2 protein chains.
Amino acid sequence: MTTSQDILNGNRLALAKLLTKIENNAPEGRDALIELFPHTGKAHLIGVTGAPGTGKSSLVNQLALHYRKVEDKKIAILAVDPSSPFTGGAVLGDRVRMRDLSGDEKVFIRSMATRGSLGGLAQSTANMTQVFDAAGFDIVIIETVGAGQSEVDVARLAHTTLVVEAPGLGDDIQAIKAGILEIADILVVNKGDRPGVENTEKALKSMLDLAHPTEKIFRHHGKSMNVDVPKQNTNTKLWIPPIQRTISTEGVGIAELAELISKHATHLLSGEGWSSRVRIRLQVEMEALIQESLMNRFRQDISKEKYDEVFEKVFQRNISPWEAVKMLMNGRLK
Amino acid sequence: MTTSQDILNGNRLALAKLLTKIENNAPEGRDALIELFPHTGKAHLIGVTGAPGTGKSSLVNQLALHYRKVEDKKIAILAVDPSSPFTGGAVLGDRVRMRDLSGDEKVFIRSMATRGSLGGLAQSTANMTQVFDAAGFDIVIIETVGAGQSEVDVARLAHTTLVVEAPGLGDDIQAIKAGILEIADILVVNKGDRPGVENTEKALKSMLDLAHPTEKIFRHHGKSMNVDVPKQNTNTKLWIPPIQRTISTEGVGIAELAELISKHATHLLSGEGWSSRVRIRLQVEMEALIQESLMNRFRQDISKEKYDEVFEKVFQRNISPWEAVKMLMNGRLK
């Protein structure tokens, strides 16, 4: 029996092993992804992002518990940790959260730390999400630490993106960003029992009023190669990101949050939203694969000696990097 | 007179215009970069990163004031804002910081928000840094919001990387990360008048004891294409990241911090550190340019119709993205 068949049958050990292969970028991982791909497209992908200290992880745990106990859904959590670029760890977080959810066959939790390569994390995350999807998980939560590129990547991947804020972090002009609002489908103000929660909510509301909550992310993606941006359907009702207050440590606001998430899915499905997000995600993925393939081919075509020779001229500041690349590229065409 | 000549002559308007061209990825920007490249390699590049709320920007301002008033150096500040991926703004921060430093001909401040493209920000940042370097700025401070890929990018770019922490943010297991320590050459505990400052310092110290403060970032980069990692010179003294307490709003600890930065430069120059960092930076830059060139060529070679036809099969889940890319790549070889 193949790995893929095991995974479609719900074998957890096979799943864990495949995820590791994907994280290590092993060739067997790719083979399995190809086989599993036709079985994907069913899961609801939920992105959760926010700064350290907002209580994101405990919120995700509570949400997972809710989906398990109240809705009996099969849940995967993929905790992506881009702030730990070199260690490949993020184990502590796992152990902390395992307490509540361990032993449940319908929950699967996985952490991943970036290997530091540009785009590599986004690609591994997308691939792992596909595996969970094929394995029959109804909901896949992709959790990542803000701010920065990782948030954008999550928004690209997810159907529904939650941005988590908390009172008492944002005394800085940098704390609440228009950019973050633009990727949020739902805003969560966690640690809602802390002083200043009303101010945080007020600040978010006024920023929402200033922002243009149209599907900017799709317009943005349209700049990428060959990415068709579906025209905004003017009949589709606009989704204004709602603000939900929670106290995740006590489970307060969690059921309401799950309700909003479900409403957002319904909203997307009622128009072009769902399929256009899927389309963009797949196009971004294809672009990354094309890039990877082109680079691999280039590495085969250009000898190490040739490369080193040209690079040395750059290092000596005799030619610019751009001139060096032109030299290498032309050499390849000959 | 060409743009590059103007910039070498210290024309601020020409400088500002060129930076905009580079940010917009205009072809004239590239031409100027090629001409300016032989004039680069003199500036000390200092990366400053840290979570929102650590007071990074005010620290950078104070540092700049110190370099101006005490050491009479020419300073450029490039504030990279990856948490604002769609707006291209970051103007507010500029205005706030301008108050202290405006009117000084030997200071140049520039903000840049990411355009959201993978790798694009790192490339623009590298290019702008080169322009400042060629224009004769002694010190170029690259400031970015942590956490995530942007931190790694800054560490790749800079000779000296400062990681800024502050008390009261880190009640989370995610707040202080081994990964952050690994990119730090100097740790700054800002807001040193706040309660809990001793605990923050203690936590950093014990993490430093656990970490292996060798030049991990270079080993890491060695994974990239064709990047030669110079062997660690065993005669070189190890640099253990020092911890400096500051109160940036009052200027406390700034002179000491500047002293540590200068010590770090001396340390790098005494061994292979400086040139190996420069080597890696240039190799990362070349790799990005190669990627870009390959993608451009691919876009020329594959028709939009062909791409759309293949993509539609992926969207219908008939073939996987990987199979689709193989199809497109083979088509190109024929």
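Is B:Arg317 buried, exposed or partly exposed, counting C-beta neighbours inside 10 Å? B:Arg317 comes out as partly exposed, because the count is 14. This residue sits in the loop that links α13 (304–315) to α14 (321–333) in chain B. Its phi is near 60°, so a positive value turns up here in a residue that isn't glycine. Chain A has a similar case to look at, taken up further down. Everything here comes from a predicted model, and the predictor puts the complex at an ipTM of 0.80 and a pTM of 0.72.Turning to confidence, chain A has a mean pLDDT of 81, with 77% of its residues at 70 or more. Within that chain, helix α11 (residues 254–270) scores highest, at a mean of 97, while helix α10 (residues 216–221) scores lowest, at 39. Two stretches of chain A stay under 50. In residues 171–175, the model has 12 contacts beyond four places in sequence. In residues 213–235, there are 39 such contacts. Where pLDDT is low, the predicted coordinates should not be read in detail.

As for overall layout, chain A contains 14 helices and 7 strands. The domain assignment splits chain A into domain 1 (1–39), domain 2 (40–271) and domain 3 (302–333). Between the centres of domain 1 and domain 3 of chain A, taken over C-alpha atoms, the separation is 40 Å. Of the 334 residues in chain A, 52% are buried. Looking at contacts in chain A between residues at least 6 apart in sequence, 77% join residues at least 24 apart.

Individual positions fill in the picture. A:Val60 belongs to helix α4 (residues 56–69) of chain A. With 24 other C-beta atoms within 10 Å, against a cut-off of 20 or more, A:Val60 is buried. Leaving out residues up to four places away in sequence, A:Val60 touches A:Val48, A:Ile77, A:Ile141 and A:Glu143. A:Leu282 lies 222 residues from A:Val60 in sequence, and the C-alpha atoms of the pair are 25 Å apart.

A:Leu157 is another buried position, because 25 C-beta neighbours fall inside 10 Å. This leucine is part of helix α7 (residues 149–157) of chain A. Beyond neighbours within four places in sequence, the contacts of A:Leu157 are A:Leu45, A:Gly47, A:Thr125, A:Ala126, A:Thr129, A:Ile142 and A:Arg281. From A:Leu157 to A:Gln244 there are 87 residues in sequence and 22 Å in space, C-alpha to C-alpha.

A:Gln244 comes up again around A:Leu260, which touches A:Ile186, A:Pro242 and A:Gln244 once residues up to four places away are set aside. A:Leu260 is in helix α11 of chain A. Its 20 C-beta neighbours inside 10 Å are enough for it to count as buried, since the cut-off is 20 or more. For A:Leu260 and A:Pro242, 18 residues apart along the chain, the C-alpha separation is 8.0 Å.

The helix that holds A:Leu260 also packs against its neighbour in the chain. How are α11(A) and helix α12 (residues 273–301) of chain A set against each other, and at what angle? Their axes are 5 Å apart and meet at an angle of about 85°. The two helices are therefore roughly perpendicular. On the α11(A) side, the contact uses A:His267, A:Leu268 and A:Leu269, which meet A:Gly273, A:Trp274 and A:Arg277 in α12(A). By class, this contact has 3 nonpolar, 2 polar and 1 charged residues.

Over in chain B, helix α11 (residues 254–270) holds B:Ser270. Is B:Ser270 buried or exposed? B:Ser270 counts as exposed, because it has 12 C-beta neighbours inside 10 Å. B:Lys205 is 65 residues from B:Ser270 along the chain, with 26 Å between their C-alpha atoms.

That leaves the backbone of A:Asn25, in the loop between α2 (12–23) and α3 (27–36) of chain A. Phi of A:Asn25 is near 60°, a positive value in a residue other than glycine. Most residues other than glycine have a negative phi. A:Asn25 counts as partly exposed, because 15 C-beta neighbours lie inside 10 Å.

Technical notes:
Residues numbered from 1 in each chain as written. Chains lettered and ligands numbered in written order. Predicted model: local features only at pLDDT ≥ 70, side-chain atom pairs only at ≥ 80, totals over all residues. Domains from an automatic or database assignment. pLDDT = per-residue confidence, 0-100. Helix = DSSP H or I, 4+ residues; strand = E, 2+ residues; numbered from the N terminus. Contact = placed C-beta atoms within 7 Å. Axes fitted to C-alpha atoms, helices over the stretch in contact; angles between N-to-C directions. Parallel < 35°, antiparallel > 145°, perpendicular 65-115°, else oblique. Nonpolar A, V, L, I, M, F, W, Y, C, P; charged D, E, K, R; others polar.
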